[in-house]
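Welcome, and please open your viewer. We will go from the whole chain to its interior, one selection at a time.

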Amino acid sequence: MVGACLTGLPLASTTAQATPGGPGVSGRVLAQRTVGDTDYVLREITIPPGQATGWHYHDGTLYAFVKQGTLSHFDASCASDGVYEKGGFLKEPSGADHVHIGENRGATDVVLEVLYVLPHGTPFSQDAPSPGCELP
């Protein structure tokens with residue numbers, strides 16, 4: 001699905017801003033293209049063992065493929081809304097009402113390939129305050 005959406009996108013060699021999160025959480029742009037008022041950006045996100053993305057939301061929809069590791073994903077009520085292993089896919093809906101966090105609870109890096117479908121010019125993510133609940 002990601003490949004089909006990005007056919008013909010030029011490769012970008014720049015490193016993008018990291019998603020808000022723990023030490024070592026990083027992201028790099030693999031490809032990007034703007035069509036009309038929508039930005040399509042393919043990024044590779046790496047989350048080291050024991051780290052998390054930080055609480056955040058997106059202004060557009062994200063589609064992610066788990067290339068390596070296992071991602072534990074939680075919503076703003078601190079309930080698990082999925083555990084995604086290597087080869088799995090997840091979708092993150094847009095909006096401030098969809099605050100979430102991703103954690104790497106494993107022993108190896110989590111590597112995600114993420115397709116961002118964003119309104120033109122918006123950031124990859126918006127920081128959100130911790131909802132104050134404890135993750136399971």
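Start with everything selected, and keep in mind that this is a predicted model. Colour by pLDDT: the average for the protein is 88, and 85% of the residues score at least 70.

Now select residues 1–19. Here pLDDT stays under 50, although the model has 41 contacts beyond four places in sequence for this stretch. Where pLDDT is low, the predicted coordinates should not be read in detail. Hide the stretch if you like.

Next, switch to a cartoon view. You will find one helix and 10 strands; reading from the N terminus, the helix is followed by the strands. How much of the contact network with a separation of 6 or more links residues 24 or more positions apart? Such pairs make up 72% of those contacts.

Turn on the surface. Its accessible area is about 6800 Å², and carbon and sulfur atoms hold 53% of that. Of the 136 residues, 45% count as buried, so the inside is our next stop.

Select Ile47, Leu112, Val114 and Tyr116 and show their side chains. In the largest nonpolar core, which has 17 residues, these four touch the most other members. To see where this core comes from, highlight strands E2 (38–47), E4 (61–68) and E9 (110–119), the elements that each give it two or more residues. The largest share, five residues, is from E9.

For the last stop, select Trp55, Tyr57, Cys78 and Val99. They are among the eight residues of another core, which lies apart from the largest one. In soluble globular proteins, nonpolar side chains tend to be buried together.

Conventions. Residues numbered from 1 in each chain as written. Predicted model: local features only at pLDDT ≥ 70, side-chain atom pairs only at ≥ 80, totals over all residues. Heavy atoms only, no water. Helix = DSSP H or I, 4+ residues; strand = E, 2+ residues; numbered from the N terminus. Buried < 20%, exposed > 50% of the residue type's maximum accessible area, 1.4 Å probe, protein only. Contact = heavy atoms within 4.5 Å. Areas by Shrake-Rupley, 256 points an atom, 1.4 Å probe, with all protein chains shown as cover. pLDDT = per-residue confidence, 0-100. Core = buried A, V, L, I, M, F, W, Y, C linked by side-chain atoms within 4.5 Å.
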